[in-house]
Amino acid sequence: INRLKTKHPAAFSNGEVKFSCPFEHITSINFPKRESRLEISGWNFSLTIDFRTTRIDGLLFYTATHYKDKTFQAHFHNGYIQIESADLVTIPIPINVSDGYWHCLKVEYSEIDDELTLVVDSHKIQQRLSFLSQLVKDLRDSSVYLGDKGASVEDAVLPTSWDNIPGFIGCMRNIKTDGRHVDTFALLASGKGEGGVVAGCFDEKNFCSAKPCQNGGNCVNLYDRYVCDCSKASKPGGIDCEYDLPLDVALFESPDSYLDFSIFISA
């Protein structure tokens, strides 16, 4: 490349070659805490986000009108994305996104077709809703918040089910609104990031290299932390399989785990 830039006689190119990228300052951003968030002003119901996380619950984006009476958001619960509005309409998307790999969410409204298109990776859903066109008009040019609602939600009229949705912990990149890349570096520099949101993602780190799991426990390396699988450890108790469980304690390892026993009442 340097030879091409300096027109070295041993370097050749065809056509016009530019030695810069159009989005040099666009960067990935890390959300290290539940209250981390980034504000993007003036979107028109077209948003694309690449993201990765190992948490099973979190808010991807939230937007509301100036009076907070109309809202729209995307979050994931138990690893699966849901698109919701304050009109109590929920659109589930059957893609598990809590595996630590990069996933892509696209949300776009077509005024011509009066249709909302949702895409997660290769899974596409198209919806026509009676209130959609008015909702889009109400939310047009409003700010969209990534990662956490924060102070923007204090006066909002929200469904009760939204109360316990935690903020997003993980990384986002390649953010677009209305088909244009968002310069997240410039947004952070102008104070649009809160709660410790920073440029750049965690490097791929092997949290298990220090062998934290004891007594034969299996270490599982995740995006921002490790977990110990103590199910086959000689001491299955504790975060790092460091102690025995009392005989009167049952260990439930997954959402499908259950305990079945009979109760006999003597006369």
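This report looks at strand 12 and the salt bridges in a predicted model.

**Around strand 12**

Let's start with strand 12, residues 170-177. Strand 1 (residues 29-31) pairs with strand 12 in the antiparallel sense, over 3 bridges, and here Phe31 sits opposite Gly170. Strand 3 (residues 46-52) is another antiparallel partner of strand 12, this time over 5 bridges. Then there's strand 13 (residues 180-181), which runs antiparallel to strand 12 and is joined to it by 2 bridges; Lys176 faces His181 across that pairing. Strands 12 and 13 make a hairpin with 2 residues between them. In the turn, Asp178 has a positive phi of about 55 degrees.

**Salt bridges**

The model has 3 salt bridges, listed here with their N to O distances.

| Pair | Closest N and O atoms |
|---|---|
| Arg37 and Glu194 | 3.3 Å |
| Asp50 and Arg173 | 3.8 Å |
| Arg128 and Glu115 | 3.8 Å |

Arg37 and Glu194 form a salt bridge. The pair links distant parts of the chain, strand 2 and strand 14, 157 residues apart. Arg37 counts as buried because its relative accessibility is 7%, while Glu194, at 39%, is partly exposed.

Back on strand 12, Asp50 stands opposite Arg173, and the two also share a salt bridge. That one spans 123 residues, from strand 3 to strand 12. Asp50 is buried at 12% relative accessibility, and Arg173 is partly exposed at 30%.

Finally, Arg128 meets Glu115. Arg128 is in the loop between strand 10 and helix 2 and Glu115 is in strand 9, so their salt bridge ties together parts 13 residues apart in sequence. Arg128 is exposed, with a relative accessible area of 58%, whereas Glu115 is buried at 12%.

Note on methods
Residues numbered from 1 in each chain as written. Predicted model: local features only at pLDDT ≥ 70, side-chain atom pairs only at ≥ 80, totals over all residues. Heavy atoms only, no water. Pairing = 2+ DSSP bridges. Helix = DSSP H or I, 4+ residues; strand = E, 2+ residues; numbered from the N terminus. Salt bridge = Lys/Arg side-chain N within 4 Å of Asp/Glu carboxyl O. Buried < 20%, exposed > 50% of the residue type's maximum accessible area, 1.4 Å probe, protein only.
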